[in-house]
Amino acid sequence: MKLTNLFYGGIHVAFVNENYEKLQDSYLFANIAQKVAAFQKEHPDQKIIRMGIGDVTLPLAPVVVDALAKAVAEMGHKETFRGYGPEQGYDFLHQALVRYYASFGVTLDTREIFISDGAKSDCGNITDIFSDANTILLPDPVYPVYYDTNVMRGRKVLFMKGSPENDFLPMPDDAVQADVIYLCSPNNPTGAAYSREQLEQWVAYAKRKGAVILYDAAYEAFIDEGDPTPRSIFTIEGAKDCAIELCSFSKTAGFTGTRCGYTVVPLGLKRKSKDGTEMSLNKMWLRRQTTKFNGVPYIVQRGAEAALSPEGIRQCRDNLRYYKENCRIIGEPLDSLGIKYYGGKRSPYIWMQCPDGMKSWEFFDVLLNRFAIVGTPGSGFGTMGEGYFRLTGFGTHEDTIEGMKRLKEGLAKE
Ligand code: MLT
């Protein structure tokens, strides 16, 4: 019998989105958090070293804290109190971002910038402005949000393989017709970063195919000043005709708990609807945001603005150096144990091969149960991640040193 949502067993019921049946039971990091909580319950005295989710540990930069405090005080006075703000963000933050992008050679119009509560939300929400008939192209391994949010829409997803052979930087294949392409550089989870020449090839491919690149630049600030690796897709000529960039203050300025990000949708970026009408993606995103989002708190946007001031950039960069030093601390024992790894240079992530041919979750269990260390199994990022494992440099120096000591001694004994 064919079911309709009018009568089911004689009772009117609403049907739910059946695409959710295709998802894994729980989101990768929620799953890990559950396992870690269970371990901690069983071993309440054991100090767990957390190198799993990419969550920052250093406090906000002093200039950011000052700006937040000042904004809080403004909210307490009738003259400076603010209610609803513009859904796409305040002009002062747009202006700060225009200056920030100019520092690496990109010219933006303030109308191209949309402030949000973070890149993760925007990654999911941006799916609203694309048709479900599109074919989505994702790298594998991949940040699970790109995959899950498209599965939720029932879209066709194709994967391009990242492996040691291509340094985990898959390149376009003309035989594949993709409509929406997700790229993340520097990459989560592998830490690999595309060169200018490689991004030029991606932009050329997207233009040939009429595709749109969704470029996740959340880790761009880990690229040192003077390094020629592109910090934005818009440093590539022609990218404004085929790309949207998503970015965040989470890793750059330690805003994982403060929440602020932004998406850049070029004014000239247009694609057609199924009936052939040409539509502006910038206008569509504005329409989407003004309808479904009420903006980021004024206080938080003042903090983000301060992070982009010259002093803010300097203070935030000090923090990033601290995290990169952790990556060096992680890399040293891996080198001495002869374990191959990637990343850690332009990224807070070390992507290591599991020792002794172990599978990713097997190694996760060994690390947690024997050494009380938490990392992220590579297979959680896709089939190409099997046999790999991600460690983050976002911990404290003390914990990172302690974790790597446990790991080195433990593995040497095995
Ligand atoms: C990660 O660990 O991959 C990130 O922290 C996840 C995120 O940014 O949402």
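1. Let's start with a proline. Pro 141 sits in the loop that runs between strand 3 and helix 5 (144-151). Look at the bond just before Pro 141: the peptide joining Asp 140 and Pro 141 is cis, with omega at about 5°. Keep in mind as you look that this is a predicted model.

2. There is another cis peptide to find. Asn 188 and Pro 189 are joined by one, and here omega is about 20°. Pro 189 belongs to the loop between strand 5 (180-184) and helix 6 (196-209). Remember Asn 188, as the name comes back when we get to the ligand.

3. Now for Phe 381, which ties these places together. You'll find Phe 381 in the loop between strand 14 (376-377) and strand 15 (388-392). Which residues does Phe 381 touch, once neighbours within four places in sequence are set aside? Its contacts include Asp 140 and Pro 141, and also Asn 188 and Pro 189, so to speak both partners of each cis bond. Other contacts of Phe 381 are Leu 28, Phe 29, Val 142, Tyr 143, Pro 144, Trp 351, Thr 376 and Arg 390.

4. Is Phe 381 buried or exposed? Its relative accessibility is 2%, and the cut-off for buried is under 20%, so Phe 381 counts as buried. For a sense of distance, try Asn 134: Phe 381 and Asn 134 are 247 residues apart in sequence and 22 Å apart in space, C-alpha to C-alpha.

5. On to the ligand. What surrounds it? The shell is made of Phe 29, Ile 53, Gly 54, Lys 120, Tyr 143, Asn 188, Lys 251, Tyr 349 and Arg 390. Sorted by type, these residues come out as 4 nonpolar, 2 polar and 3 charged. You may recognise some names here: Phe 29, Tyr 143, Asn 188 and Arg 390 are also among the contacts of Phe 381.

6. Check the polar contacts of the ligand. A polar backbone atom of Gly 54 is 2.6 Å from a ligand oxygen. The side chain of Asn 188 places an N or O atom 2.8 Å from an oxygen of the ligand. For Lys 251, a polar side-chain atom is 2.8 Å from a ligand oxygen. On its own the ligand has 270 Å² of accessible area, and the protein covers 85% of that.

7. Next, the nonpolar interior. The largest nonpolar core counts 101 residues, and Leu 93, Leu 97, Ile 181, Phe 249 and Tyr 262 have the most contacts inside it. Take Phe 249 as an example: beyond its neighbours within four places in sequence, it touches Leu 93, Leu 97 and Tyr 262, and also Gly 254, Phe 255, Cys 260, Gly 261, Ala 304, Ala 307 and Leu 308. There is a second, separate core of 23 residues, and Ile 136, Val 145, Cys 184 and Leu 281 are included in it.

8. Thr 149 and Thr 127 make a nice pair to look at. Thr 149 lies in helix 5, while Thr 127 is in the loop between helix 4 (119-125) and strand 3 (135-140). The two residues are in contact. Both are buried: Thr 149 has a relative accessible area of 13% and Thr 127 one of 3%.

9. What does the side chain of Thr 149 do? A polar atom of this side chain lies 2.7 Å from the backbone oxygen of Val 145 and 3.4 Å from the backbone oxygen of Tyr 146. Setting aside residues up to four places away in sequence, Thr 149 also touches Cys 123 and Gly 124. Thr 127, for its part, has Asn 150, Arg 153, Arg 155 and Tyr 182 among its contacts.

10. Two residues have a phi you might not expect to see outside glycine. Phe 168 has a positive phi of about 60°, and Ala 372 has one near 55°. Phe 168 is in the loop between strand 4 (156-161) and strand 5, and Ala 372 is in the loop between helix 10 (360-371) and strand 13 (373-374). Phe 168 is buried at 4% relative accessibility, and Ala 372 is buried at 1%.

11. Last stop, Ile 339. This residue is in the loop between helix 9 (310-337) and strand 11 (341-343), and it is buried, with a relative accessible area of 10%. Leaving out neighbours within four places in sequence, Ile 339 is in contact with Leu 334, Met 352, Gln 353, Pro 355 and Leu 411. Asp 356 is 17 residues from Ile 339 along the chain, and their C-alpha atoms are 9.5 Å apart.

Technical notes. Residues are numbered from 1 along each chain as its sequence is written. This is a predicted model: local features need pLDDT of at least 70, side-chain atom pairs count only at pLDDT 80 or more; totals for chains, interfaces and linings use all residues. Side-chain values use heavy atoms; hydrogens and water are left out. A residue is near a molecule or strand if one of its heavy atoms lies within 4 Å of it. A polar contact is a pair of N or O atoms within 3.5 Å; within protein, one must be able to donate a hydrogen and the other to accept it, and residues adjacent in sequence count only if both atoms are side-chain atoms. Accessible areas come from the Shrake-Rupley method with a 1.4 Å probe; for residues, only the protein chains shown count as cover. Ala, Val, Leu, Ile, Met, Phe, Trp, Tyr, Cys and Pro count as nonpolar, Asp, Glu, Lys and Arg as charged, and the others, Gly among them, as polar. A nonpolar core is a set of buried Ala, Val, Leu, Ile, Met, Phe, Trp, Tyr and Cys residues joined through side-chain atoms within 4.5 Å. Buried means under 20% relative accessible area, exposed over 50%, partly exposed in between (1.4 Å probe, protein chains only). Contact means heavy atoms within 4.5 Å. Helices (H or I, at least four residues) and strands (E, at least two) are DSSP runs, numbered from the N terminus.
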